[in-house]
Amino acid sequence: MQSARAMDRAAGPLADGERLIVRGQVQGVGFRPTVWRVASQLGLTGSVRNTAEGVAITVWGENRSHFADRLVSALPPLARIDTLERTTVSGIPPEAFTIAPSETGAARAAITPDVAVCGACVSEIADPTARRQAYPFTNCTDCGPRFSIQQAVPYDRHNTTMASFALCKDCQAEYDNPADRRFHAEPIACPNCGPKASLEWLGENTHRPPLDGKDPVAEAARLLKAGFIVAIKGLGGIHLACDATQADAVQRLRTRKGREGKAFALMARDTTVIARHAKLSADNTALLTAPSAPIVLFEALAGTLPDAIAPGLDTLGFMLPYTPLHVLLMEGFETPIVMTSGNRSGAPQVIDNDEARIRLAGLADAALLHNRPIARRIDDSVVRVDCGAARVLRRARGFAPIPLALPEGFDGTAPVLAMGSELKNTFCLTKDGEALLSHHMGDLEDAHTHQDTAHNLALYADLFQHTPAVVAVDLHPDYLSTKRGRDLAGSRPVVAVQHHHAHIAACLAENGRPAGAPPVVGIAMDGLGLGPD
């Protein structure tokens, strides 16, 4: 029988190649197609594959020494390389460069946040000759849902809520073509094979006109203009919307939602509409149009909108349409619409269609829904420009779960689970010199939020393969976050942290203050916090 070594010699001569392990934001962002293109341009053979710790690349050929530099300079818009490890390997070079099936293992890959619809997809849905013309779920590798549909690592279609939508032959051809902008775009879809939108009345009212259902998005826009309140399912949850210029509709929404004074967020078709109601600048316009597409706080122009939008405030929170569905909904609006979370005041945002029919009946008149499941509830992020820099006030859609680098000196510290506060809760995992801050959870005294937070704690631990050595809790023994942290800790050490000390420590971490630096004086103006008085 011929030996394995003899068979290898028969297959081809041994040669040196290079193996690269890339960590960072490199899954779901068009990174593997870029690797394929760079390798092809350099005449290299080898493979690239997603793994739970990042992306693994092997290259063979005379130009392999140029590959890493060329790759770094050719990164797609959403990609970010944190570390790149290079080692020499020896073996028989393959005949071509291929994109191999993904592997699983201990998760170290960054999970990509949801990304606002890109210009190419906006142009496509407006093109009457395109097969995705007016399709509300158009996306490509540069945009679309990510974290809100991801259920496991690595980021492959079967690990997302798109798994039940089998690709048609046209979408499959795009998905399989490394030269196409939809190559391995996991949420890829079209009207023939993807999610569908639908419009329905909520609750019972015999005086409502019948819905024709031919174009549910356009029909929802007509209902908004007619003064109705419409629940709209987006990326990370369902919103409640009404025409922001109709004072009666705005007040009706405020009364139904039980939200006495807190400001409503607004969505506008474009910056031209926003400029009629708020003072734009280059800085806040750049935030509006970033891939994260947050709610941005602006100085309001007095008297242009009903007082009930933001009672007693001189600021307005605006966002631009960040999905194709929103783009299609807003295209005929010369006015802003209210776009606030779909829930009664204090409760978490509704994400499920059946739940919406029960919990939002009585709040909204109708619901614009779709059949793509939301894996996790993610609120809209809120950002403002202050002292010349962007300040994130609520870190959620578009930002979470991008890890934050911990300051110098924290690289080798034990992994920690920090449980956060009772109100406006977020939790945090530390691992490998990074802080994995959760998206906004909300107020834990609400039973739905409390349950949702438990779900997300388990989810983050699974997605990031995180096992804490220490659990950090608030010093107040009766906070629900403290009680849950002690329960989760089991036999592991628990560290109780004074509430305002935690705020100052977070500021130090955010500003890169290294471990062992001299003490600082911090001022935290944040109400309650048990001891030291």
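The following exchange goes through some assignments in this predicted model.

Student: Why is cysteine 171 called buried?
Tutor: Buried means under 20% relative accessible area. Cysteine 171 has a relative accessible area of 0%, so cysteine 171 counts as buried.

Student: What makes cysteine 118 buried rather than exposed?
Tutor: The relative accessibility of cysteine 118 is 14%. The cut-off for buried is under 20%, so cysteine 118 is buried.

Student: How do you know that cysteine 118 is in no disulfide?
Tutor: A disulfide needs two cysteine sulfur atoms within 2.5 Å. For cysteine 118 the nearest cysteine sulfur belongs to cysteine 140, 3.6 Å away, so the pair does not meet the criterion.

Student: And what of cysteine 171: which cysteine sulfur is nearest?
Tutor: That of cysteine 190, at 3.7 Å. The limit is 2.5 Å, so cysteine 171 is in no disulfide either. By this rule the count for the model is 0 disulfides.

Student: Why is strand 1 described as largely enclosed?
Tutor: Of the 11 residues of strand 1 (residues 15–25), 8 are buried, so the rest of the structure largely encloses this strand.

Student: What makes strand 1 and strand 4 a pair?
Tutor: Pairing takes at least two bridges. Strand 1 and strand 4 (residues 80–91) share 11, in the antiparallel sense, so they pair. Valine 22 stands opposite leucine 84 there.

Student: How do you know that strand 18 pairs with strand 21?
Tutor: 3 bridges join strand 18 (residues 416–418) to strand 21 (residues 470–474). At least two are required, so the strands pair, and they run parallel. Valine 416 has valine 470 as its bridge partner in strand 21.

Key:
Residues numbered from 1 in each chain as written. Predicted model: local features only at pLDDT ≥ 70, side-chain atom pairs only at ≥ 80, totals over all residues. Heavy atoms only, no water. Helix = DSSP H or I, 4+ residues; strand = E, 2+ residues; numbered from the N terminus. Buried < 20%, exposed > 50% of the residue type's maximum accessible area, 1.4 Å probe, protein only.
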